[in-house]
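Here's a quick tour for anyone meeting this structure for the first time. Have a look at it before reading on.

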Amino acid sequence: MKMILPSPAEPTPTASDASSRGFNVSTKKHTTVPAWIDINGGIYPAAKTIRKLSAGVYRPHESNMGVGLVPMRVITDHLVILEESQAFNLVNEFRKFWELRSKFKELGYLHKRGILLSGPPGAGKTCITAVFMREVIKDGGIVLVPPSIELGAAGITILRELDPNRPMVVVWEDIDKHVRANARSLTTLLNLLDGSEQIDGVFHIATTNELDTVPLTIRARPGRFDQVIPVPMPSPQLRRAFLTARAPAMDKETMESWVRATANMSLAHLRELVVGHFGFGYSLKDMVKRFAEMSASVETDRQSFEDFEGKSKIGF
C-alpha cells in the first residue's frame with residue numbers, strides 16, 4: 001500500500017486541545033491533509049492523513065490496519081521536581097544526549113541511550129518518569145509507552161521511518177515483567193537495544209521494583225542500559241519539598257517534625273498524610289501508627305505465604 005500526497009500546501013492549524021488536569025498528549029491537534037492511497041494499483045481517497053505527529057505520549061497498538069499509535073492522556077497529581085533530583089538529572093541527561101547526535105555519528109556509534117530506574121514501590125519512579133515525559137513533550141518530542149516488547153519494537157520502527165529526526169523516548173514500565181513474558185520477548189528487546197534490530201535516535205528509560213529479577217544480560221551491559229540508577233525512598237529534602245508544596249501554611253517547627261516522622265515513607269504515604277490531616281482531620285501520630293500497623297500486617301502475610309509455600313511443595 002502506498003500513500004500519495006498532493007502537492008505541498010500550507011497546513012491549516014487546528015485549535016489547541018485544552019486540558020484542565022495533568023498534561024495532555026499534545027499541545028494542539030494534529031494537522032490533517034487530503035491524500036490518496038494506492039492499494040494494489042487502485043487509487044482510493046484516504047479518509048484522513050496527518051502531516052506531522054503532535055508532541056505527546058502514545059501507546060503502540062495493533063488492529064486490522066496493522067500497528068499504529070494511540071494517544072495517551074497522562075494524568076498525575078501536581079509534580080514536585082527538585083534541582084539535583086533524579087528527575088532533574090534525567091531531563092538534563094536527555095537534553096544533553098540529543099545535543100550530542102553529531103558527536104555520536106563522528107565517533108561511529110548509533111545515537112541511542114538507555115537508563116534503568118530501580119527502587120522499591122512508592123519510591124517515586126513513576127513520578128520521575130512522569131516529570132521526564134512532561135519535559136520531553138515540552139521539547140517537541142514523542143514518548144512511546146509500549147504494552148509489550150513486540151509492539152514496542154514495531155512502534156519504534158514505524159515512528160522512526162516516518163519521522164527520522166524527532167526526539168523519541170521509549171518508557172518500559174516494569175521491564176522485569178516484560179522480559180519474563182516469554183523467551184521471544186527478551187530476544188526481541190536485546191536485538192532492539194544493541195542487536196540486529198537497533199534503531200538510531202532513541203532514548204530508552206525502564207523501571208523495575210526488583211532489580212535482581214531483571215536478567216544480567218540487560219542490567220549489567222552498557223549499550224543496552226548504560227546506567228542503572230537507584231531510586232531510594234524520598235530523602236528528607238524531597239519530603240520537605242513535597243510537604244512545602246502541599247501544605248504551604250505549615251510552620252517551620254511543624255514541618256520539621258513531619259519530616260522526621262516520615263523517614264522511609266513513600267510519596268504515597270506523604271500524600272495520604274496531607275489528605276488525612278488537612279482533609280479528614282486525623283492526627284499525624286494516629287496516621288503514622290496506622291501505617292506501621294499496615295506494614296506489619298503486610299510482612300506477616302508475606303511470611304505466612306512463604307511458610308505455606310515451603311510446606312506445600314511436593315518432592316518427586
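What follows covers one helix, the cores, and a few surface spots.

A word on ground rules: this is a predicted model, where local features need pLDDT of at least 70, side-chain atom pairs count only at pLDDT 80 or more, and totals for chains, interfaces and linings use all residues. Residues are numbered from 1 along each chain as its sequence is written, and side-chain values use heavy atoms, with hydrogens and water left out.

Let's start with helix H3, residues 125–138 (helices are DSSP runs of H or I with at least four residues, strands are E runs of at least two, numbered from the N terminus). H3 has 14 residues and spans 20 Å from first C-alpha to last, close to the 20 Å expected at 1.5 Å a residue; that expectation is 1.5 Å times one less than the number of residues. Ten of those 14 residues are buried, so H3 is largely enclosed by the rest of the structure. Here, buried means under 20% relative accessible area, exposed means over 50%, and partly exposed is in between (1.4 Å probe, protein chains only). Among the buried ones are Ile-128, Val-131, Phe-132 and Val-136. And what do the buried residues of H3 pack against? Their partners include helix H1 (86–99), strand E8 (112–118) and strand E11 (202–208). After H3 comes Gly-140, with a positive phi near 85°.

Phe-132 turns up again in the largest nonpolar core, which has 26 residues. Such a core is a set of buried Ala, Val, Leu, Ile, Met, Phe, Trp, Tyr and Cys residues joined through side-chain atoms within 4.5 Å. Leu-90, Phe-132, Val-143, Val-169 and Phe-203 touch the most other members. H1, E8, H3, E10 and E11 each give two or more residues to this core. A second, separate core of 23 residues includes Ile-142 and Leu-159. Leaving aside neighbours within four places in sequence, Phe-203 has contacts (heavy atoms within 4.5 Å) that include Leu-90, Phe-132 and Val-169.

Now for two loop residues that have a positive phi without being glycine.

| Residue | Phi | Loop between | Relative accessible area |
|---|---|---|---|
| Asp-174 | about 50° | E10 and helix H5 (175–180) | 25%, partly exposed |
| Asn-264 | near 70° | helix H9 (252–261) and helix H10 (267–280) | 66%, exposed |

Helix H10 also holds Val-275, which is partly exposed at 32% relative accessibility.
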